Amino acid sequence: MKLQDKNIVITGAADGIGLALAKRFLHESPKSISLIDINKSVKDMASELGAEGYVADVTKENQFQSILNQIINKEGSIDLFCSNAGIQQFGTLETSTEDWQKNWDVNVMSHIHAAKVLIPHMQSRKTGYILITVSAAGLLNMPSALSYATTKHAAMGLAENLSIMYGNDGIIVSTLCPQLVDTNMVRSAESLSDDHPLLKDGILPAEVVADEAVKGIDAEKFLILPHKEVAKYIQGKAYDYDAWIQAVRKLVP
Ligand SMILES: NC(=O)c1ccc[n+]([C@@H]2O[C@H](COP(=O)([O-])OP(=O)(O)OC[C@H]3O[C@@H](n4cnc5c(N)ncnc54)[C@H](O)[C@@H]3O)[C@@H](O)[C@H]2O)c1
């Protein structure tokens, strides 16, 4: 899909990949860009970019859906929705039930809250695009990040299902699945020491990920893989699941 003259909405847009997407999309001459984030700084970021900023928690169904409806009323449509807000938590069995719920609410339910507004909206227009920022962790798992990897797998399944169910209605779904990206999420992760095995394929700048997202949207690809190695790893996983599990086991620090 070409982004020229499109109304675009991005969640988790005050920082990191979401903000990089907003900056990159501006080069494509969209009609409008609306940024949503729980962090109030989204207002300043938006005004710097000449975009609209909305403070909202994507896990609060009513609040989030009312902002989406507000944007539809103001701009006339949402043509591209980037469901990008996410949280990452390291840890395994010690992750509390409360933290599991937080991961589930942000990394999975937020996409569902949005889909309940956007799928009918896009069906009525017979066109629309949803980009969900998942992660390579949703395809290839991630040692020592049990709740993150599990909820990102759920997000992947959700994206596949939306694409299968609504593709015939003119709705395109893509998943953005990078490995590590140089954002606050990674910088603030104390358990990611410089020699951590997960760093072996490198950390991409958010700008490179945003550029790959634009190329993927242009080509209407379901799977957008900024780290090219990921395609090879998925093939290996499908070819021999047991060998793949043994290989990933070697990444356990
Ligand atoms: N950084 C990475 O290595 C990496 C890799 C793969 C996928 N991802 C995914 O990319 C997406 C963006 O992550 P990032 O690296 O830019 O992280 P980030 O922490 O820099 O940015 C995330 C943004 O989401 C916002 N946010 C968090 N919870 C929210 C909520 N409940 N409601 C509204 N906004 C909320 C934060 O305020 C922040 O501005 C996430 O879904 C993440 O899982 C990141």
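# A guided tour, beginning at the ligand

The shell around the ligand consists of 12 nonpolar, 13 polar and three charged residues. The model shown here is predicted.

**Stop 1: the ligand and its surroundings.** Select the ligand first, together with the residues around it. In total, 28 residues surround the ligand, and the closest are Gly12, Gly16, Gly86, Ser135 and Thr183. Next, colour two helices, H1 (16-26) and H7 (184-187); each of them contributes at least two residues to the shell around the ligand.

**Stop 2: Gly12.** Remain beside the ligand and select Gly12, one of the closest residues to it. Which elements flank Gly12? This glycine occupies the loop that runs between strand E1 (7-11) and H1. Is Gly12 buried or exposed? There are 28 other C-beta atoms within 10 Å of Gly12, and the threshold for a buried residue is 20 or more, so Gly12 is buried. Display its contacts beyond four places in sequence: Gly12 touches Gly18, Asp37, Asn84, Ala85 and Gly86. Among these, Gly86 is also listed with the closest residues to the ligand. For Asp37, draw a distance from C-alpha to C-alpha: Gly12 and Asp37 are 4.8 Å apart in space, although 25 residues separate them in sequence.

**Stop 3: the sheet.** Now hide the side chains and show the strands. An open sheet of seven strands runs in the order E3-E2-E1-E4-E5-E6-E9, with parallel pairing. Its edge strands are E3 (52-55) and E9 (223-224), each of which pairs on one side only. Strands of a sheet pair through backbone hydrogen bonds, in either a parallel or an antiparallel sense.

Three pairings may be inspected in turn, following the order of the sheet.

- E1 with E4 (residues 80-83): the two strands pair in the parallel sense over three bridges. Select Val9 to find its bridge partner in E4, Phe81.
- E5 (residues 128-133) with E6: this parallel pairing extends over six bridges. Select Tyr129, which stands opposite Ile172 in E6.
- E6 with E9: here the parallel pairing has two bridges. Leu176 has Ile224 as its bridge partner in E9.

Before leaving the sheet, select E6 (residues 171-176) on its own. Five of its six residues are buried, so this strand is largely enclosed by the rest of the structure.

**Stop 4: the nonpolar core.** Nonpolar side chains in soluble globular proteins tend to be buried together. In this model the largest nonpolar core has 67 residues, of which Ile10, Leu21, Ala22, Leu35, Ile36, Leu118 and Leu131 touch the most other members. Select Leu118 and, beyond four places in sequence, find the residues that it touches: Leu68, Ile78, Phe81, Gly128 and Ile130. Phe81 has already appeared on this tour as the bridge partner of Val9.

**Stop 5: two residues with positive phi.** Most residues other than glycine have a negative phi. Two residues depart from that pattern and merit a look at the backbone.

Select Ser29, in the loop between H1 and strand E2 (32-37). Its phi is positive, at about 55 degrees, although Ser29 is not a glycine. Only 12 or fewer other C-beta atoms are allowed for an exposed residue; Ser29 has 11 within 10 Å and is therefore exposed.

Then select Asn141, in the loop between helix H5 (137-140) and helix H6 (146-166). Asn141 likewise is not a glycine, yet it has a positive phi of about 65 degrees. With 19 other C-beta atoms within 10 Å, Asn141 is partly exposed.

**Stop 6: Ala149.** From Asn141, move into helix H6 and select Ala149. This alanine is buried, having 21 other C-beta atoms within 10 Å. Which residues does Ala149 contact, leaving aside its neighbours within four places in sequence? They are Ala137, Asn141 and Met142. A C-alpha to C-alpha distance from Ala149 to Thr95 comes to 13 Å, with the two residues 54 apart in sequence.

**Final stop: the whole protein.** Zoom out and colour by secondary structure: the protein has 10 helices and nine strands. Its radius of gyration is 18 Å, close to the 18 Å that the globule rule gives for 253 residues, so the protein is as compact as a globular protein of that length. The C-alpha trace spans about 50 × 35 × 35 Å along its principal axes. Of the 253 residues, 41% are buried. Among contacts with a separation of 6 or more, 67% are between residues 24 or more positions apart.

Terms used: Residues are numbered from 1 along each chain as its sequence is written. This is a predicted model: local features need pLDDT of at least 70, side-chain atom pairs count only at pLDDT 80 or more; totals for chains, interfaces and linings use all residues. A nonpolar core is a set of buried Ala, Val, Leu, Ile, Met, Phe, Trp, Tyr and Cys residues joined through C-beta atoms within 7 Å. Two residues are in contact if their C-beta atoms, placed from the backbone, lie within 7 Å. Helices (H or I, at least four residues) and strands (E, at least two) are DSSP runs, numbered from the N terminus. The radius of gyration is taken over C-alpha atoms; the globule rule is 2.2 Å times the number of residues to the power 0.38. A residue is near a molecule or strand if its C-beta atom, placed from the backbone, lies within 6 Å of it. Ala, Val, Leu, Ile, Met, Phe, Trp, Tyr, Cys and Pro count as nonpolar, Asp, Glu, Lys and Arg as charged, and the others, Gly among them, as polar. Two strands pair if DSSP finds at least two bridges between them.
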